[in-house]
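Grab your viewer and work through a few exercises on a multi-chain model. Try each task before reading its solution.

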Amino acid sequence: MRKWIAITFLLILGFFMLRIAGAFPFGENTWKVARQYVKNVTEEKWWVAEHYVDKGIKENRGSNLVTSIVVNYRGFDTLGEVTVLFLAATALAFLLSSCTCFRKYERIEASLILKTASDTLYPLLILFGAYIFIHGHLTPGGGFQGGTVIASAVMLMLLAHFSFHPNHEVLSVTEGLAGIVFAAIGLAGLIWGRSFLANNILPLGHWNRLFSAGVIPLIYIAIGFKVGSELSGLITDMFKVTKEE
Amino acid sequence: MGKDKFLNEKPEKLTYSGVFKKIDNWARARSLWVVAYGTGCGAIELRPTFTSRFDAERFGMRMVGTPRQADVIVVSGYLTVKTLKRVIRVYEQMQSPKYVVALGACPINGGMYYDSYNAINRLDLYLPVDIWVTGCMPRPEAILAGFKRLQELIDDGKADGWKKYIEALDWYRGNQRKIIKNWRMPNYNW
Amino acid sequence: MVNPILIIAITLASAFFIGILQVYSKLWAKVFFFLVLIFDFVAAGANFYGFLSGKITSPILVKIGGFPPPIGINLFVGKAEAAMGFLIFTITLLGAYHLARRGIPEPQGKAMVLFLLLSLGAAGITFTGDFFNLFVFIEITSIAAYGLVASAKTEKSLEAAFKYMVIGSISSTFILLGVVFLYKATGSLNMLDIAKKVKTFPLTPVFSLISLVFFAGLLIELEVFPINGWALDVYQGADPVVVAVLTGAAVKAFYLIFIKAGGYLALPSFFQLSLIFGGGTYLVSQFLAWRQRDVRRLLGYSSVAQLGLLILSAGFFLNNSLPSSSRHFIALAIVLFVFNHSFAKSSLFLLVDNVETREMEGWKGILKRNPLFKFIFSTSVFSITGVPPFPGFWAKLLLIFAIPKEYAWVVGLILLGAVAEIVYYFRFYRIASDGEGEKVKKNLASPLAASLILITGGGVAWSMFSGYMGIMFNSLIIVFLMVAAAIYIFGFSKPLQWTASLVLLGYGIYRFLPSMKANLHGFFLALVFFGGAILLFATYPTSKRLSWSFYPAYLVVIFSLVGIALSTSWLNLFVYWELMSWSSFLLVNMGKKAKRAAWIYAIFSSAGAYSMLAGIYLLPKLSISKIGVTGVLIPVLLITGFLVKMATSPLHIWARDAYGESPDEFTPLLSGIMSKIGVFGSALVFLYVIANISSGPALRYGLAWLGVLTAFFMTLLAVFQEDLKKLLAYSSVGQVGYILLGLAIATPLGWNAALYHTVDHFIFKGLLFVAAAGIIYRVGTSYLPHMGGLIRRMPLTFLAVLIAIISLAGIPPMAGFAGKWLLYSALIEKQWVFITVVAFLASTLAFLYCFKILHTVFLGQLQDENKNAREVPFPIAAAETILLVATVAIGAFPRLLLDPINKVLNKIPGMKNSGLFYEKTLGAVSKLGHWNALFLMVFTVGSFIFALIFFALTSARVREVKQLDVGYAGEVPRQVEDLHFGYDLYAHFRRTVKWLIYPLVSKIWKGIYEWTGTFAEVLRRFYTGNINTYAAYVILISILILHFFAGGK
Amino acid sequence: MFFFASSIALILIGLYAVLVKRNIMKMVIGLSIMDTGVNILIISLGFIRGKTAPIINAKDLLVRTSSKVVDPVPQALVLTAIVIGVAVTAAALSIVMLMYSKKKSLEIEEYKELKW
Amino acid sequence: MGVKIFYAFIALIGGIAYGLLLGGISRKITARMQNRRGPTVFQNFIDVWKLFRKKTAISHGVMFYLAPIFRLLGGAGTFLLVPIVVGNFYLSNFSFGGDLIVIMYFMVMGCLGMALGAAESGHPHAPIGVTRGLAQMAGQELPFIISVVVLMIVDKTTSVEGIVMAQQGGILHWHIFTYPFAAIAAFISLLGMMTSYPFEIVMAPQEIAIGPPTEFSSTFLSYMFSGRSVFAVAKYVLFMDLFLGGATNLLWAFLKTFLIFLWPLFITDVFPRFKLEQSVSFFWTWPTLIGLIDLLRIYIVR
């Protein structure tokens, strides 16, 4: 009964969703879609994305437009996003800080293959993660992706070794510092540049070079550190809890 | 305990005098309000006396329910210590001038209960009796005759037992105290 | 001006920094935490002040990254945002301070970060000008809230957090979908840009659906009725401090974005949406809280209801079809509501934090031992329920008067909910103030600050209100009111307070003497002032046992009455009326056993006041003058408010206990003067409203029946009452029924009767209640069977009461007869036969209780425990004497009173010719009969003295006998209990009229209360506590929203 | 259209878990699925047929870029949304862990203490 | 005014004497009906004189002391306010003092004063009797009020003179004939007012001694007796004025009042006593319903 009621509800909801989504033909240009609604669109820049796409390179010199948007045009979102992650990590640490009430948990010894492989992969993964976020403005990926890769390395080690204990203090200091750096870059923009998070405090450099795009790589590197340390800390927290009696 | 007017009153102040004396006595005799204290069997005789058969009302007499308004107390039958106490109190609550009518043999000499451990043989040791109506019990006719006699006495101004009670209060009290062992005077004085 | 981005960026950076700092030093982390909060507070305050003082004229637009609005994210801070930001950081600071004093939960650093980010998220929601950015901040707020809600780590708080988390996720999913669809439809994420584009849209159903998806998400966050189970659970389960910040700051930020989005997205059905969901939430939640025994959940229901009201207001605010002036008022009302609710509710939740128990029973008597706690609690409760002069009251008033007449039913709904709110809040208040409770923790700094802010805000709101509504409040009265309240500080010495009060009142008389003109206003003004002075004078001897606030409240009542009497506008009258009602509520509540009575009093007087408010709202103009209205609704609504104060049946059930249990010092005022101000109001209604409607005669006839039936039944109930003050209470109510009858006759003679009886009833009932106060003071009980024989102990009081009773019974030659005579003359002139019969019969029945009072108090046997009672203290005796002399004087010379009344009535059109004239031998002559008061007085007193002398000369020798010396069948009564007949004097009569005194009305009211409670109880089961169900409700309601509000084809 | 339908289906499946499942862990999983569904929906809304990813690593993309790449904004948004989803899931998991530690149960019926 | 007072005094003496005489007559008639001789018709004079001349009396306090005065004042005042012969300077007494409403309320004063005195005596029977009396008053007043209201409304006056004037012009103009139902109600109510059987529940000698006056003795009682007598006469006169068209001279007044006097007497002698519950219920049903007929009549006709 419950199931059927739920399914009925959800199907109706799905109908409405589809009705909305169906109004935007799949794979069409947003510009054209907007045309359906508005008869006399004379304004050039109806579609914000047009600006990002057309002026993005000129304004930021970062070849990854998504990165440009994420870090510069909508950098404030990203700051919030980082905060959300930080918040989640904090909340998790806060809630699980005194949780010692799990039953005895028996961990299965990791296999030799896993141990050996993870020992080998650990530095490589960290290196790969660093590569991703350092090249965030040039190639697909960025701080978040890189950070996640680093965290996965830590997780691998945690799975493989009992004795692996990332230094928690270092992790929290790192994440805090990285966050502060992000905010500080933003504030530096406010002080020396046009505005908060403005990208005109450093030379923009040339398109498609590593040292280009102003503060974008710096921010992404900070994000990379932050995400990496945060996710690592998060995973460590969970493992720590399960390890205690 | 304030000043008790009743006990300190000079009896001569309560006597009648002046031009109204005759009228007063006449009226008083023809308006006898009776509180009947049915201590014994005599009580049953008073009912016919005051109702249609013998109709005491034609002499201006009537029964009242409260001693405050009564002129006559009829002690109808034998007395015991228990009832005597109450008779004394009722008598003392009546307003002067007031009269006592003793009904039957018992209040005179104890009657058939003369040797009872508890019966009071003589009423006039304790209260000033104005009229004795003898008989055991007296018939209503006798009672009416007694009342008639009382009226005559009042007319002549001779029914002054109430005055005697005031004058010889100490004597009466003495007698009363003798017979009533647990003389529990109420916390008010009469 | 402080750049808002600084607030956010610095707070964010600080959050990260605290994350580092807490690793090294907890103390410094704490210090830093507060520094940041103070910085935020100051910065937001500076912005707000900038807007307020006019230094900042246009909204602050912060372009982040330096990109113009549609391209980059920007912050948009206008007046509303600045105010909201300030509010958020103030509440957060208060909450944080409270938390710090109580002890921040471990690990402290993390908790502080969560706390900081919660406020940051709320501020971000407020400031941001970008929809997606909004979503990010909503998530920040939500996650911080999840963490904080769970912070207590108890089963309850975890459960609440989980429910919050699940529903919050669904809500944010809806919001995210809405935002993304919006982007797809408009090609932009910037709010202003979208708003600009939306204006050019043909508003298709699909676009409405997109908006609705967004609004569905927001409505979930705004805790609207069927989908707010999670919110209530959070209020109940979480740490109260967290809840305080959540409800005070975070939810308000959501509300602001609700209004802003409503404005930007121009949803055609927004008005209906907010009306249905806001109104429904408001009304239903107010009722659902009726039987709630868990304090936190109760406050939760209240919060939800207030939020509903806010949503409702938002609908009106954004309704373009309304005139801009009323939308302006609504905006002000919203500001006041938000302000009021944030501080009051936060303060309440912070108070809740000080009390261990969750159950309301555990609060029993908690106010008694904790004076500061009591102050804060009262302030907050009063403010939330809309008691003047707190901001909630002004907000409600502004909102109601801004709502156009075609939405009058919304006003009805708001007022109905407000009554329900008073029912449960004051039940809470009653329990908390009843008896002696435990001491509580003393973490009261933050709530104290909140309540002080509320009080200040109330003052500001008052001045704002009078400015906006164009009502002139007599500044003199306000000054007097303030000075009256300030007498509180003399509370250490009651004689000093008494003296100060008398001086103030005397000065008031001096200042208002010019206003006592020969019109209705001046008439009642004089009654209030002189009557009040006499009754105040009589309070002295018993003042030692009074509470500090007795005299201030007393004076506030008197000066509010002055304000009512001098009002020239209905609204002005209403404000003073509420002020009077609530200060008198405080006074009633001071009685030892009066808590329940005060509660019922509060319910009835507020319900009456709201009915009156509804009537005033419907009036075409506010000034007290002839008003052309049609229909019977307005006068009925208006007069109901006044009838409540007059305790006209069937609105009388508060009166018995309120009169009976209120402090003895106050009851004379309650009966003598406060019920008369109801007469004043009714007179105004009769004069200016009922006189002009076509169904006026029928209405008057109905009211006349109401008056006479009140007189009859109250008299009947008084007969069987065994408590002195309750008996007098019923008597008082019954007598006021006569006054209503006189007013309803509406002939000059009838009004003569009514006004005469008004003053006269004050005189004798004031005298009776003052005497009752004295007697109770000496005897220590008001239970009639425990008195008796007091004539020997207090002869003066007996004389006074005797004369008063003669006057009350209407026996000539005392003053009371004139009222009766005028009334019956008027009735017979009017030829209302049945009413005349009932009125006569009622006055005959009054003899029964008149005798009862005199007998059981003064006559019969003196009880042993009263052997040492003395005459009443001097000031009471003096007051008695004054009133006694007045009764006799007016009895002999009724023209002392009738001439001024005639002067008053001559000013009133249609009331001129009463047909009453005065002749030498016949005295007062009406069209029907005559009555020579002076002759009767001389005749009675003369014959009495003559007969007395004759009696004394001729009587037999009288001796005083002792009280126990009665003809008792020769028996010796030894204790007074044997002789005193003082209990249930009219048992035989009660058996006869059993069917007439069946407590039908109270049973009906009780039934209404109980059944509403039961209904609420049943309806509350709706919140099953199962998160699946909650989620199902959310989906269902979302579907309904999407289906019914999409509009278009 | 297939993308829309399937992503909405994912959302509904997630919601179904929330509505029907009696295990709180499963509910959290449902929320996660719902998040994924939303993310896919966002991405598919940003897709434009026949265009490339918005990474300008070739010269020819520099001229009239807007006609050659898909809408980058949804991609940027989804990045944020994913992270937020992760954060919520983390928070949810921590709450669930604590709840489990208190009552040793994941049954929703156990968590009905707050009601009415 | 002085003359007026003098004549009023004479009338008062006459009223008291007439009242006492009527009391005696009623005792005589009762006795005859019970097949006995009965006292002389002047028995009440003798009783009053005896009580007046008794030697001692008791008092329980101030109100107790004043009670007989109140009683007499109530009776005499009512008597003096009711015009015996309307239009006659000497026999209309103090009727300028007030109209019917005044009289109706003045009537209560004596009862209330006496009730207070009785209550002060501290005797339990006193308040019992008083409460019964008051409760019965509530009962009997209803039919009386109904008929009075009928009269006041149809005559458009509240003054007794006015009502008498309205009945002039022959026997058929008397209210007892024009408004018979109201009159019946009022006359039934009169039974209650006289507190004689079957409504004798105030004094109730067999039950509560004699109720309120239990503690009164001697002179006190004589005053109360006189007051009661004159009060009864006042009521008869009032009823005469209201229903029997008043009186044109003293003879008519005696005749009519005597007729009215006979009515309760005959009822009294043949009926047993009601309990209070029965009494009030009776008054609130039958006479009230009868009176309502006329009330409805004027309500509809008007």
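Here are the ground rules, followed by five exercises.

This is a predicted model, in which local features need pLDDT of at least 70 and side-chain atom pairs count only at pLDDT 80 or more, while totals for chains, interfaces and linings use all residues. Residues are numbered from 1 along each chain as its sequence is written, and chains are lettered from A and ligands numbered from 1 in the order in which they are written.

**Exercise 1. Work out which elements make up chain A, and what share of its residues is buried.**

Step 1: Assign helices (DSSP runs of H or I, at least four residues) and strands (runs of E, at least two), numbered from the N terminus. Chain A comes out with nine helices and zero strands.

Step 2: Now burial. A residue is buried if 20 or more other C-beta atoms lie within 10 Å of its own, exposed if 12 or fewer, and partly exposed in between, with C-beta atoms placed from the backbone. By that count, 51% of the 245 residues of chain A are buried.

Step 3: Call two residues in contact if their C-beta atoms, placed from the backbone, lie within 7 Å. Among chain A contacts with a separation of 6 or more, 69% are between residues 24 or more positions apart.

**Exercise 2. Find where helix α3 (residues 48-60) of chain A kinks.**

Step 1: Compute the bend at each residue, that is, the angle between axes fitted to the seven residues ending there and the seven starting there. The kink is about 45° and is centred on D54(A).

Step 2: Check the surroundings. Buried residues of α3(A) include Y52(A), V53(A), G56(A) and I57(A).

Step 3: Look just past the end: R61(A) follows α3(A) and has a positive phi, near 60°.

**Exercise 3. Explain why strand β5 (residues 99-103) of chain B is largely enclosed by the rest of the structure.**

Step 1: Count burial: five of the five residues of β5(B) are buried, so the strand is largely enclosed by the rest of the structure.

Step 2: Sort the side chains. Y99(B), V101(B) and L103(B) point one way, V100(B) and A102(B) the other.

Step 3: Find the neighbours, where two strands pair if DSSP finds at least two bridges between them. β5(B) pairs in the parallel sense with β3(B) (residues 72-76) over five bridges, with V74(B) as the bridge partner of V101(B). β5(B) also pairs in the parallel sense with β7(B) (residues 131-133) over three bridges, and there L103(B) partners V133(B).

**Exercise 4. Which pair of chains has the most contacts, and what does chain E bring to it?**

Step 1: Of the six pairs of chains that touch, C and E have the most contacts. The contact takes 69 residues from chain E and 63 residues from chain C.

Step 2: Break down the chain E side. α5(E) (125-155) supplies the largest share of it, 16 residues.

Step 3: Look for strand pairing across the chains. Strand β6(C) (residues 957-960) runs parallel to β1(E), joined by four bridges, and V958(C) stands opposite A57(E).

**Exercise 5. Which chains have no contact with chain D?**

Step 1: Try chain B: no contact joins it to chain D, and their closest C-alpha atoms lie 68 Å apart.

Step 2: Try chain E: again no contact with chain D, with the closest C-alpha atoms 52 Å apart.
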